[in-house]
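Trainee: Could you walk me through how to read a model like this one? I would like to start with how the chains are arranged and then go down to single side chains.

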Number of protein chains: 2
Amino acid sequence: MDQLQLVSANKIFGGYQKVYSHESSVLKCKMNFSIFLPPQAEGDVKLPVVYYLSGLTCSEQNFITKSGFQRYAAHHGIIVVGPDTSPRGVKIPGDDESWDFGQSAGFYLDAIRDPWSTNYKMGTYLNKELFELILTAFSNVANPDRIGIMGHSMGGHGALVSTLRNPGLYKSVSAFAPICNPMKCPWGEKAFKGYLGEDKSKWIEWDATELVKKYDGPPLTLLIDQGAGDKFYIEKQLLPENLVEACRSAEVPVILNLRDGYDHSYYYISTFIGEHFDFHAKILKS
Amino acid sequence: MDQLQLVSANKIFGGYQKVYSHESSVLKCKMNFSIFLPPQAEGDVKLPVVYYLSGLTCSEQNFITKSGFQRYAAHHGIIVVGPDTSPRGVKIPGDDESWDFGQSAGFYLDAIRDPWSTNYKMGTYLNKELFELILTAFSNVANPDRIGIMGHSMGGHGALVSTLRNPGLYKSVSAFAPICNPMKCPWGEKAFKGYLGEDKSKWIEWDATELVKKYDGPPLTLLIDQGAGDKFYIEKQLLPENLVEACRSAEVPVILNLRDGYDHSYYYISTFIGEHFDFHAKILKS
């Protein structure tokens, strides 16, 4: 644990919600991540790990203070890791000009366009550097064979893309209001143009609806949750129907739960996150 | 509802978390309050109401975004109202100089010292103006005979003092890490000197440990919750033992739950708020 500095630790539902910082060699900056260690982490059995990826404007704090997930993770005995949403403390011209690009908007991909390509490598950071760091630093409690991932909005995109690009790395995946087809929505077009450039053959590599068409890994069921009253859904930023159609044609099982009257907020997430932990527990503990 | 403006409404656990603003004649300013309407509010039966009073530095937002209470209130069918912690938008010299006096630190009392006495009447605002406003504006869903109150830290003090000063108004009361004996702790001494002046006979009227000694209302059980790892408890800002001793000598039933390893945060509150709703429901629904 030499490479980790403890930022905070709070007891909750019998476990501990912690935040650590570390120097990322991939992102070339200091990063925070959260980790919830359930009460079962005191025992001898290694536990499943679920990653949670947050949405635009978030840091590692929003999920741990607003979603109420700890109750369910404590019940099931699941470790939960929450990375930040972009590199921090690097100054790139324009990185704070808009809320949907740059800081807090890393889109969990590896930028190839200057000046972003030096630091904005959230894909490799998440699926390689942080993934390995967690398994090393928490080797006494984390089961490397039982790892899942979930996320919200931009983080739902991140969870889906991370799973589809790295077959078998994550055994279970779910998403709240994910950006399902970023090539076809304003948020995604802006981010992909900025981080990846104009060549749309590069965009296909980071778009869940495109990736699922050529998925060739272990059997996988995608759980997608969507509030029917979510204004970003109505404005067609999220496009879950496109993903569902692609899944059906590729014969990848998908569940789409449309929730009447719910919006895009953590009020919505907190209502259904217990169901998502049930879903992950059933797969990861089987 | 003419006097209320809707600020926000979000669906959560089948009910709605709303925030309203209104012009307070007691405080002479515009105030926000939150109200959670559980799914049962769509039915024909009038529902119990529980007030939640927040602590220092809070607005009406902290509790509704961080505690996860909506799950339990929805389960029991309880309306939950959360006032703000001080007058807002009034400029009084010194009101923003410290975090434990002035703005966000109204202490749920009626100030008698200038310049505070013009606006800082949170006691009358809560127990009279807002109390009546809720029963009028939500007369179709709120049961005026089944009202309880709870709070955290400064708000725990507010819940206890409001109950003890107004016998019978609140049928159930509980508190997380309340300031139990403000006359004997630095936070309380600063606030009481500022709002009430030097005459300590005035302080006794707003101190739960003093008030319980002369309580002469309907039977009442005080539920006090305290994290044993709470630094403010360790620094003797909260003094629950003084309240418990006064309750015992006055033969007022009191339950003190000391929680090993928990601190003063909403991580702690979220862990035990379900138990508090069980306690209020048992009394208010009997």
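Mentor: Happy to. Copies are superposed by least squares on the C-alpha atoms of residues with pLDDT of at least 70 in both. Keep in mind that this is a predicted model.

Trainee: By what turn and what shift can chain B be laid on chain A?

Mentor: A turn of 180° and a shift of 0.0 Å along the axis lay chain B on chain A, with an RMSD of 0.0 Å. That is the relation of a two-fold axis. In chain B, the C-alpha nearest this axis belongs to Lys66(B), at 2.5 Å.

Trainee: And how do I read the interface? How much area do chain B and chain A bury between them?

Mentor: The general idea comes first: the size of an interface is often given as the accessible area lost when the parts come together. Here chain B and chain A bury about 1,900 Å² between them, and 49% of that is on carbon and sulfur atoms. On the side of chain B, the residues that lose the most area to chain A are Lys11(B), Phe13(B) and Tyr267(B), together 36% of what that side buries.

Trainee: Which elements of chain B give two or more residues to that side?

Mentor: They are strand 1 (5-12), strand 2 (15-24), helix 1 (61-66), helix 2 (70-76) and helix 10 (266-284) of chain B. In residues, the contact takes 23 from chain B and 22 from chain A. Of the interface residues of chain B, 96% are also interface residues in chain A, so the copies meet through the same surface.

Trainee: How many salt bridges and polar contacts are there between the chains?

Mentor: The count of salt bridges between chain B and chain A is zero. For polar contacts, ten residue pairs are found across the interface, both residues at pLDDT 80 or more.

Trainee: Then let us turn to charge pairs. How many salt bridges does the whole structure hold?

Mentor: Side chains of opposite charge can pair when their charged atoms come close. Over all chains, a search finds 16 salt bridges. One of them joins Asp100(A) and Lys190(A) at 2.7 Å, N to O. This pair links distant parts of the chain, 90 residues apart: Asp100(A) is in the loop between strand 5 (79-83) and helix 3 (122-137) of chain A, while Lys190(A) is in helix 5 (residues 186-196). Asp100(A) is buried at 11% relative accessible area, and Lys190(A) is partly exposed at 35%.

Trainee: Which residues are linked with Lys91(A) in a network of salt bridges?

Mentor: Asp95(A) and Asp96(A) are linked with Lys91(A) in that network. Between Asp95(A) and Lys91(A), the closest N and O atoms are 3.2 Å apart. Asp95(A) is buried, with a relative accessible area of 0%, whereas Lys91(A) counts as exposed at 62%.

Trainee: What about a buried charge without a partner? How far is the nearest side chain of opposite charge from Glu129(B)?

Mentor: That side chain is Lys28(B), 9.2 Å away, and Glu129(B) is buried with no salt bridge. A salt bridge needs the nitrogen within 4 Å of a carboxyl oxygen. Look at polar neighbours instead: the side chain of Glu129(B), in helix 3 (residues 122-137) of chain B, makes a polar contact with the side chain of Ser24(B) at 2.6 Å. The backbone nitrogen of Val26(B) lies 3.3 Å from a polar atom of the Glu129(B) side chain.

Methods
Residues are numbered from 1 along each chain as its sequence is written. Chains are lettered from A and ligands numbered from 1 in the order in which they are written. Side-chain values use heavy atoms; hydrogens and water are left out. Helices (H or I, at least four residues) and strands (E, at least two) are DSSP runs, numbered from the N terminus. Buried means under 20% relative accessible area, exposed over 50%, partly exposed in between (1.4 Å probe, protein chains only). Lys and Arg count as positive and Asp and Glu as negative; His and the chain ends are not counted. A polar contact is a pair of N or O atoms within 3.5 Å; within protein, one must be able to donate a hydrogen and the other to accept it, and residues adjacent in sequence count only if both atoms are side-chain atoms. Contact means heavy atoms within 4.5 Å. Buried area is the accessible area (1.4 Å probe) that two parts lose on being put together, summed over both.
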